Amino acid sequence: MQQRFTRRFIVAAIMAASLPAAAQEHTLKELVIIGDETSAASLPGSAHVVTNEDLETMKYTDVHRVVKEVPGVYLLEEEGYGLRPNIGIRGSGSGRSGKVTLMEDGVLMAPAPYSGPAAYYFPSFGRINGVEVLKGPDLLRYGPATVGGAINLRSTPIPTTTGGRVTAEIAEDNGKRIHAWYGANSEQAGWLIETHQHESDGFKDIRQSDREAGFDKQDYVAKLRLNTRPDADIYHQLDLKVDYSEELSLETYLGLTDADFNANPDQRYFASERDNMDTQRTGFMARHLVDFNNDVTLTTTAYRNEFKRNWYKAAGLNSLINAANGGDALAQQQLRGEADLAGIKIKNNAREYESQGIDFVADWGLNLSGMRHDLTFGLRYHEDEVDRLQPEDTFDQVIVNGRPVLQYVSTTSGNGISGSNNAIEKAEAWSTYIADRVTINDRLTVTGLLRYEDIETSRVRYQQEARTDVQDRASNSTGELLPGLGATYKLDGGVTLLAGIHRGMAPAGAGSTDVEPELSTNYELGARIQRGAGRYELIGFYSDYENTVQNCSVATPCAGGQDSGSVSQGEARIQGIEALAGYEFALTNGLSVPVEATWTYTDAEVTKDSDSGNVLKGDNLVYLPENVLNLRTGLRAGDQWDAYLNVSYVDEMCIDNTCDRSGTDNTFRKTEALTVVDLSGSYRVAEGARVFAKLDNVFDTQKIIARSPDGARPNLPRTASVGVTVDF
């Protein structure tokens with residue numbers, strides 16, 4: 001792969017020499033896709049920025065708890081800590097965030113965004129400095145997924161002056177977290193080093209076992225900036241970034257029966273005792289800006305990400321869960337570790353990923369016929385690969401002296417590692433776009449966009465561990481032209497109207513043959529109001545999916561039980577409303593009360609049967625809540641102290657397409673509605689030093705927030721933590 005990548009890099013570099021370009025600021029900041037709230041308000045579509053100040057209010061380290069505050073975003077919790085988020089936007093599907101374009105500092109961060117888009121890697125959210133969520137036609141500047149939205153995580157920026165920060169936090173369940181960074185800046189150079197360390201014993205207890213069920217995750221980041229003098233005739237800036245992370249989390253796919261969940265949601269079955277996820281990830285990024293003049297710039301970004309994982313976990317126990325839920329007493333005893341259970345398969349879900357590419361963005365600003373044109377041209381070559389070699393161990397659960405023991409039986413090897421357990425999946429993609437933002441007058445701005453994606457994917461499955469014989473091959477080719485058009489019109493009184501339409505796409509995974517990409521036509525219409533201390537937004541959206549595609553996995557199996565590749569699920573319609581209202585009330589004695597509420601309503605259904613017949617007209621979409629609400633309010637005294645309360649609500653969700661069919665028993669086919677209340681507060685004890693405390697899930701409310709893949713799962717119980725932040 002490396003030689004082919006080098007050749008493509010040279011070709012793309014030659015092509016970039018003739019690209020036109022556009023106006024930016026004279027220095028390249030940490031790359032953002034939106035900017036600040038003022039920039040978001042000017043975009044021809046829904047856009048939201050969660051700033052570092054916003055993140056500091058609740059001190060969350062789980063991205064799920066932050067994105068709930070953004071209208072139009074859905075989530076599916078899994079283990080309570082957000083280690084592997086499941087995020088969807090405008091009904092795009094939340095499984096492993098595979099239908100959302102995920103970026104860090106503007107660079108694709110999923111392990112294999114094209115060949116295996118499931119985001120099994122996610123940076124430790126405690127080190128993230130801000131979050132941007134982009135929807136609407138401007139989404140066509142990014143990809144590969146453009147059906148719902150894009151999320152860009154901003155890492156800690158190089159400081160403007162020499163200095164650093166240390167945050168130390170302790171929590172229940174032996175939780176410990178340290179986030180530290182230090183950096184310096186001068187006129188022509190800047191640097192930053194950073195680490196984030198987070199560990200916990202977890203809130204679950206494994207039945208009849210002394211093992212913990214927690215995690216230990218470590219992140220390291222280094223940045224360097226070199227630039228010419230700001231007053232140089234042609235300004236150059238080079239930004240380098242390298243990051244490394246590793247994780248050991250004793251997580252499982254095995255949930256609980258409803259009876260055991262109701263008795264104690266914070267327990268785990270003995271069969272999952274040895275389950276653990278072990279990962280290592282290294283990322284490299286080099287970005288160069290050349291600012292030719294006030295109107296012409298060219299930004300070049302090269303990146304490479306390497307990710308290895310082995311999720312060693314019990315598989316195939318969902319049949320026992322179903323049997324026990326159906327009243328099978330023996331199945332319930334076997335799950336509880338009270339009876340022998342033969343043939344437990346614990347699979348080494350081992351994969352190695354490579355993802356790399358080069359990206360060119362040229363900006364050119366000009367005045368033409370009395371109107372301002374801000375043109376952007378983008379070109380990216382990307383390739384990624386997933387290598388699976390996954391042996392499977394067999395154990396017997398045997399009761400010895402009244403306690404269960406896992407006794408080793410055998411391991412697959414040789415011809416036993418074949419098919420989906422022994423495969424290489426690859427993708428190669430060229431993408432290009434052009435965007436023209438035309439300022440027609442002081443009130444009206446129109447943006448036209450056109451994106452093209454050319455994607456080639458392939459999969460080879462082998463018959464034995466030595467990979468001397470091929471079992472089968474699969475390939476897929478996608479070429480799609482995606483247009484978009486958006487407009488904003490400013491009225492008096494801080495009111496801005498917006499409207500947009502764009503063609504969206506999410507490519508099928510590499511394990512698919514002749515599966516068309518997911519395609520949708522997306523509309524939105526709404527208004528924003530910025531008036532004094534108040535900010536309001538109301539947007540309606542409608543998406544017409546001519547082909548709905550689900551990427552199948554063990555975590556989110558497709559209808560019919562398929563757990564690899566992608567399947568077409570027919571046509572679908574998704575429509576809804578996004579609302580936001582925020583205001584900061586000023587009180588006496590320097591006190592203020594900030595309030596912000598968001599609401600997302602979604603109505604969706606399949607409008608045409610799938611070719612396989614597994615999904616029918618009128619079926620619901622999987623894990624898509626009808627209502628999501630969030631309210632955050634607080635009381636603060638300038639920079640001296642603050643206290644915040646956050647209330648979130650998520651409706652019940654169907655776990656498969658069939659749960660709303662007439663005559664279907666939904667007893668075990670839906671999650672439960674959940675309301676969670678969180679508290680946080682901080683106090684400045686000295687210049688540059690602040691103590692804080694938070695209490696997540698104040699009322700200790702736990703519900704079934706997921707049932708996939710194997711049984712009922714709870715949200716995080718009531719958890720208290722305290723910490724201190726010191727700037728130096």
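Are cysteine 654 and cysteine 659 buried or exposed? Both cysteine 654 and cysteine 659 are buried, and the legends below come back to this pair after a look at the model as a whole.

**Figure 1. Confidence along the predicted chain.** Please keep in mind that this is a predicted model. The protein chain has an average pLDDT of 92, and 93% of the residues score at least 70. Residues 1-30 call for some care: pLDDT stays under 50 over this stretch, for which the model has 73 contacts beyond four places in sequence. Where pLDDT is low, the predicted coordinates should not be read in detail.

**Figure 2. The disulfide of cysteine 654 and cysteine 659.** Here is the pair from the opening question. The structure holds one disulfide, formed by cysteine 654 and cysteine 659. Their sulfur atoms lie 1.8 Å apart. Neither partner is exposed, as both cysteines count as buried.

**Figure 3. The largest nonpolar core.** This core has 24 residues. Val73, Leu102, Phe125, Val131, Val133, Ile151 and Leu153 are the ones with the most contacts inside it. At least two core residues come from each of α3 (52-58), α4 (63-67), β2 (73-75), β3 (87-89), β6 (130-134) and β7 (150-154). The largest share, three residues, is supplied by α4. In soluble globular proteins, nonpolar side chains tend to be buried together. Apart from this core lies another, of 21 residues; among them are Ala271, Leu317, Leu341 and Ile346.

**Figure 4. The surroundings of leucine 153.** Now pick out leucine 153, one of the core residues with the most contacts inside the core. Leaving aside residues up to four places away in sequence, leucine 153 touches Met103, Glu104, Asp105, Met109, Phe122, Pro123, Phe125, Ile128, Gly130 and Val131. Among these neighbours, Phe125 and Val131 are also listed with the most contacts inside the core.

**Figure 5. A five-stranded open sheet.** Follow the strands across in the order β1-β6-β7-β4-β5. The pairing in this open sheet is mixed. At the edges are β1 (47-50) and β5 (107-108), each of which pairs on one side only. Strand β4 (residues 101-104) runs parallel to β7, with four bridges between them. Leucine 102 is found opposite isoleucine 151 of β7, and both residues are listed with the most contacts inside the largest nonpolar core.

**Figure 6. Two hairpins that share β9.** Start with strand β8 (residues 163-171), which pairs with strand β9 (residues 175-185) in the antiparallel sense over nine bridges. Glutamate 169 stands opposite arginine 177 in β9. Three residues separate the strands of this hairpin, where aspartate 173 takes a positive phi near 60°. Next, β9 pairs with strand β10 (residues 189-200), again antiparallel, over ten bridges. Isoleucine 178 faces glutamine 197 of β10. The hairpin of β9 and β10 also has three residues between its strands.

**Figure 7. Helix α6 and its buried side.** Helix α6 (residues 318-325) has four names to look for: its buried residues are Leu320, Ile321, Ala324 and Asn325. These residues lie on the same side of α6 because they cover an arc of only 135° around the axis. An α-helix has 3.6 residues a turn, so residues three or four places apart point the same way. The buried residues of α6 pack against α5 (258-263), α7 (329-335) and β17 (341-368). Just after the helix, glycine 327 has a positive phi of about 105°.

**Figure 8. From β17 through β19 to β20.** Strand β17, one of the packing partners of α6, runs antiparallel to strand β19 (residues 392-400), and five bridges join the two. Lysine 347 has glutamate 392 of β19 as its bridge partner. On to strand β20 (residues 403-411), which is antiparallel to β19 and joined to β19 by eight bridges. Isoleucine 399 has proline 404 in β20 as its bridge partner. With two residues between them, β19 and β20 form a hairpin, and asparagine 401 in the turn has a positive phi of about 55°.

**Figure 9. Threonine 457 in strand β22.** Threonine 457 has its place in strand β22 (residues 444-462). This threonine counts as buried because its relative accessibility is 6%, under the 20% cut-off. Beyond residues up to four places away in sequence, threonine 457 touches Lys426, Ala427, Ala474, Ser475, Asn476, Gly509 and Ala510.

Terms used:
Residues are numbered from 1 along each chain as its sequence is written. This is a predicted model: local features need pLDDT of at least 70, side-chain atom pairs count only at pLDDT 80 or more; totals for chains, interfaces and linings use all residues. Side-chain values use heavy atoms; hydrogens and water are left out. A nonpolar core is a set of buried Ala, Val, Leu, Ile, Met, Phe, Trp, Tyr and Cys residues joined through side-chain atoms within 4.5 Å. Buried means under 20% relative accessible area, exposed over 50%, partly exposed in between (1.4 Å probe, protein chains only). Contact means heavy atoms within 4.5 Å. A disulfide is a pair of cysteine sulfur atoms within 2.5 Å. Two strands pair if DSSP finds at least two bridges between them. The arc is that of the directions from the helix axis to the C-beta atoms. pLDDT is the predictor's confidence in each residue, from 0 to 100.
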